[in-house]
Amino acid sequence: SLDAARRESARVERLRIEAEAADLREEARVQAARVEAAKVEAVRLEKMRLEAEASRSEEANAKTSEEIAKRAAEHAELAERAKVAEGIRREEEAKWDQKLQASVTAAQVAAYQTIS
């Protein structure tokens, strides 16, 4: 019957939305893992920079100073990348939340119209 077909269509749409939401949650998890990896790398580089800085007092040559500066620059770049990635992840998560809410609302409206 037409009513059963509408209910089935609403059910299929709800399942599609739930699958899309699961995909979005997985992508957010992957992005968060990437951000965490960047943070870990930034901490590792900071440790290296501090160790190099401590050894600079013992090794007063230009090459060591250049390496320290290079590592400090790398650390600053990675820290900035981590901040940017976190901002992007938050923006994407907000977009996905909006898309999910819109899809859920659409499914609810469709389900209500099917029932009516």
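This briefing walks through the overall form of the chain, its salt bridges and a few individual residues. The model is a predicted one. Its protein chain has two helices and zero strands. With a radius of gyration of 25 Å, well over the 13 Å that the globule rule gives for 116 residues, the chain is more spread out than a compact globule.

**Overall form**

- Taken along the principal axes, the box filled by the C-alpha atoms comes to roughly 85 × 15 × 15 Å.
- Helix H1 covers residues 2-56, and helix H2 covers residues 62-115.
- Buried residues make up 20% of the 116 in the protein chain.
- The chain exposes about 8300 Å², and carbon and sulfur atoms supply 56% of that area.
- Among contacts with a separation of 6 or more, 77% come from residues 24 or more positions apart.

**Salt bridges**

- The count for this model comes to 17 salt bridges, and a few of them are worth a visit.
- Glu 13 pairs with Arg 16, with the closest N and O atoms 2.6 Å apart. These two residues sit three apart in helix H1, so about one helical turn separates them.
- Both partners of that pair are partly exposed: Glu 13 has a relative accessibility of 29%, and Arg 16 has one of 40%.
- Further along helix H1, Glu 26 and Arg 29 form another salt bridge, and here the closest N and O atoms are 2.7 Å apart. The spacing is three residues, about one turn of the helix.
- Glu 26 is partly exposed at 38% relative accessible area, and Arg 29 is also partly exposed, at 49%. The value for Arg 29 stays out of the exposed class because that class begins over 50%.
- Glu 46 and Arg 49 meet through their side chains in a salt bridge of 2.8 Å, N to O. Both residues belong to helix H1 and lie three residues apart, about one turn.
- In this pair the two partners fall into separate classes. Arg 49 counts as buried because its relative accessibility of 17% is under the 20% cut-off, while Glu 46 is partly exposed at 21%.
- Glu 86, Arg 89, Arg 90 and Glu 93 are joined in a network of salt bridges.

**Arg 89 and Ala 28, between the helices**

- Arg 89, a member of the network just described, lies in helix H2.
- Arg 89 is buried, with a relative accessible area of 15%.
- Leaving out residues up to four places away in sequence, Arg 89 touches Ala 28, Gln 31, Ala 32 and Val 35.
- Ala 28 belongs to helix H1 and is buried as well, with a relative accessible area of 9%.
- Seen from Ala 28, the contacts beyond four places in sequence are Arg 89, Glu 93 and Trp 96.
- Ala 28 and Glu 93 are 65 residues apart in sequence, yet their C-alpha atoms are 6.3 Å apart in space. Glu 93 is also part of the salt-bridge network that includes Arg 89.

**Arg 44 and His 75**

- Arg 44 is found in helix H1 and is partly exposed, with a relative accessible area of 41%.
- From Arg 44 to His 75 the separation is 31 residues in sequence and 8.7 Å in space, C-alpha to C-alpha.

**Thr 114**

- Thr 114 is in helix H2, which spans residues 62-115.
- A relative accessible area of 9% makes Thr 114 buried, since it is under 20%.
- A polar atom of the Thr 114 side chain lies 2.7 Å from the backbone oxygen of Ala 110.
- Beyond residues up to four places away in sequence, Thr 114 touches Asp 3, Arg 6, Arg 7 and Ala 10.

Note on methods:
Residues are numbered from 1 along each chain as its sequence is written. This is a predicted model: local features need pLDDT of at least 70, side-chain atom pairs count only at pLDDT 80 or more; totals for chains, interfaces and linings use all residues. Side-chain values use heavy atoms; hydrogens and water are left out. Helices (H or I, at least four residues) and strands (E, at least two) are DSSP runs, numbered from the N terminus. Buried means under 20% relative accessible area, exposed over 50%, partly exposed in between (1.4 Å probe, protein chains only). A polar contact is a pair of N or O atoms within 3.5 Å; within protein, one must be able to donate a hydrogen and the other to accept it, and residues adjacent in sequence count only if both atoms are side-chain atoms. Contact means heavy atoms within 4.5 Å. A salt bridge is a side-chain nitrogen of Lys or Arg within 4 Å of a carboxyl oxygen of Asp or Glu. The radius of gyration is taken over C-alpha atoms; the globule rule is 2.2 Å times the number of residues to the power 0.38. Accessible areas come from the Shrake-Rupley method with a 1.4 Å probe; for residues, only the protein chains shown count as cover.
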